[in-house]
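Got a few minutes to go through a model together? Have a look, then we'll talk it over.

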Amino acid sequence: MFLVPCVARSVFYRHAAPMGTTAKDEMNKFWAKNSKLNRPMSPHLTIYKWSVPMVMSITFRGTGVGLSGAISAFALAALVLPESYPYYLDLIHSLSIGPYLIGLAKFGLALPVSFHTYNGIRHLCWDLGKGFRIPEVYRTGYTVIGLSIITSLALAYL
Amino acid sequence: MAAIVRLGSVCRRGVKPLFYQSTLLARPLVVPHKYQEQPYQLTAKIHASQALYAGSGSKAASLHWTAERVLSILLLAMGPAAYFNPCPAIDYSLAAALTLHGHWGIGQVLTDYVHGDTKIKLANAGLFLLSTVTFAGLCYFNYNDVGICKAIALLWSK
């Protein structure tokens, strides 16, 4: 790709198009080049000012990974443990944990599920192109947080 | 005099060509709306040229993205379905949808944080193994034990 003297400007634009590479290829090339040159990574998390949308985003990812891990752990346990589910449930029952701790545990289970669900809906709205203006991002964000807490409390009291 | 000439060029060709000229004596005007169409015309021209030279792109990534969103919406619908109509069909559908949603989700996390050809291959192989075991475990639980819907109901009835 050479810089043609700008006599015919439209010709310049045509030949500025790169050979067909995918985004994935470009990203891999970038990473390979920079790690080969042993370049350090620029500071990012340590210097950027944290914001509510930022924290919600990583929490969304965290709850996703956590819930996925919990489901996998449950499935593995189902395959490995000898007794049936009601047996182990009765085992936990017999530990006579007080109602407050049970309520707390239910809240602790419900909160990641509801947060991930509500923020997931918020993400789907973004995928439809809606709600990108900064005030809207904050408004929908606070709505998700509020709804998650309320839903989890309601479920814990069931 | 030159300033008037520059302002004149803004009126004729829009703001963008102004920045390519080396002597800028006047600040660009707030361009009247109809003149803003022209920069987009130039952009459209570049994209059209790229289509000629870009490699035959596959739509796989785009279709995957759409499938992820469709699955998310499906999973959302399964929530109330499982609550109002618990049955084996819902149990197995939930097992499949949850496993696949988690598999694709963790896949995105790996794509974001894992770099280097071998590491990517290893991580994805590990994920595939985990998801297979998860699905197997959930199906085993549905077949040999109380099933997902009943399990959640029992857990909450504590």
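What follows is a short round of questions and answers on this predicted model.

Reader: Let's get oriented. How many helices and strands are there in chain A?
Author: Going from the N terminus, the elements of chain A read α-α-α-α-α-α. That fits the tally for chain A, which is 0 strands and 6 helices.

Reader: And what share of the contacts in chain A with a separation of 6 or more comes from residues 24 or more positions apart?
Author: Some context on chain A before the number: buried residues account for 19% of its 158 residues, and it exposes about 11,600 Å², with carbon and sulfur atoms supplying 72% of that area. As for contacts with a separation of 6 or more, the share from residues 24 or more positions apart is 73%.

Reader: Now the annotated spot. Where does UniProt place the feature "binding site", and in which helix is that residue?
Author: The record here is an unreviewed UniProt entry, and it puts "binding site" at His116(A). In the model, His116(A) sits within residues 99-127 of chain A, and that run is helix H5.

Reader: Is His116(A) buried or exposed?
Author: The cut-off for buried is under 20% relative accessible area. His116(A) comes in at 18%, so it counts as buried.

Reader: Which residue of chain B is in contact with His116(A)?
Author: Skip the neighbours within four places in sequence, and the contacts of His116(A) include Phe60(A), Thr63(A), Gly64(A) and Leu67(A). The list also has a residue from chain B, namely His101(B).

Reader: On to the rings. What kind of aromatic pair do Phe74(A) and Tyr85(A) form?
Author: Over all chains, the structure holds 7 aromatic pairs. For Phe74(A) and Tyr85(A), the centres are 6.2 Å apart and the planes make an angle of 75°. Planes over 60 degrees apart count as edge-to-face, so this pair is edge-to-face.

Reader: Which elements does that pair link, and which residue of chain B joins Phe74(A) and Tyr85(A) in one aromatic cluster?
Author: Phe74(A) belongs to helix H3 (residues 52-80) and Tyr85(A) to helix H4 (residues 85-94), both of chain A, with the two positions 11 residues apart. Phe74(A) is partly exposed at 31%, whereas Tyr85(A) is buried at 13%. The residue of chain B in their cluster is Phe141(B).

Reader: What about Tyr138(A) and Tyr142(A): how are their rings arranged?
Author: Both residues lie in helix H6 (residues 134-157) of chain A, 4 residues apart, about one turn of the helix. Tyr138(A) is partly exposed at 29%, and Tyr142(A) is partly exposed too, at 48%. With 6.3 Å centre to centre and 50° between the planes, the pair is tilted.

Reader: Over in chain B, which residues does Glu68(B) touch?
Author: Glu68(B) is in helix H4 of chain B, residues 60-84. Its relative accessible area is 9%, so Glu68(B) is buried. Not counting residues up to four places away in sequence, Glu68(B) touches Gln108(B) and Trp104(B).

Reader: Last one: how many disulfides does a search of the whole structure find?
Author: A disulfide needs two cysteine sulfur atoms within 2.5 Å. Cys87(B), partly exposed at 21%, has its nearest cysteine sulfur, that of Cys149(B), 6.8 Å away. For Cys139(B) the nearest cysteine sulfur is also that of Cys149(B), 13 Å away. Over all chains, the number of disulfides found is 0.

Note on methods:
Residues are numbered from 1 along each chain as its sequence is written. Chains are lettered from A and ligands numbered from 1 in the order in which they are written. This is a predicted model: local features need pLDDT of at least 70, side-chain atom pairs count only at pLDDT 80 or more; totals for chains, interfaces and linings use all residues. Side-chain values use heavy atoms; hydrogens and water are left out. UniProt positions are given in the numbering used here, feature names are shortened, and annotations may be inferred rather than shown by experiment. Buried means under 20% relative accessible area, exposed over 50%, partly exposed in between (1.4 Å probe, protein chains only). Contact means heavy atoms within 4.5 Å. Rings of Phe, Tyr and Trp (its six-membered ring) pair if their centres lie within 6.5 Å; planes under 30 degrees apart count as stacked, over 60 as edge-to-face and the rest as tilted. Accessible areas come from the Shrake-Rupley method with a 1.4 Å probe; for residues, only the protein chains shown count as cover.
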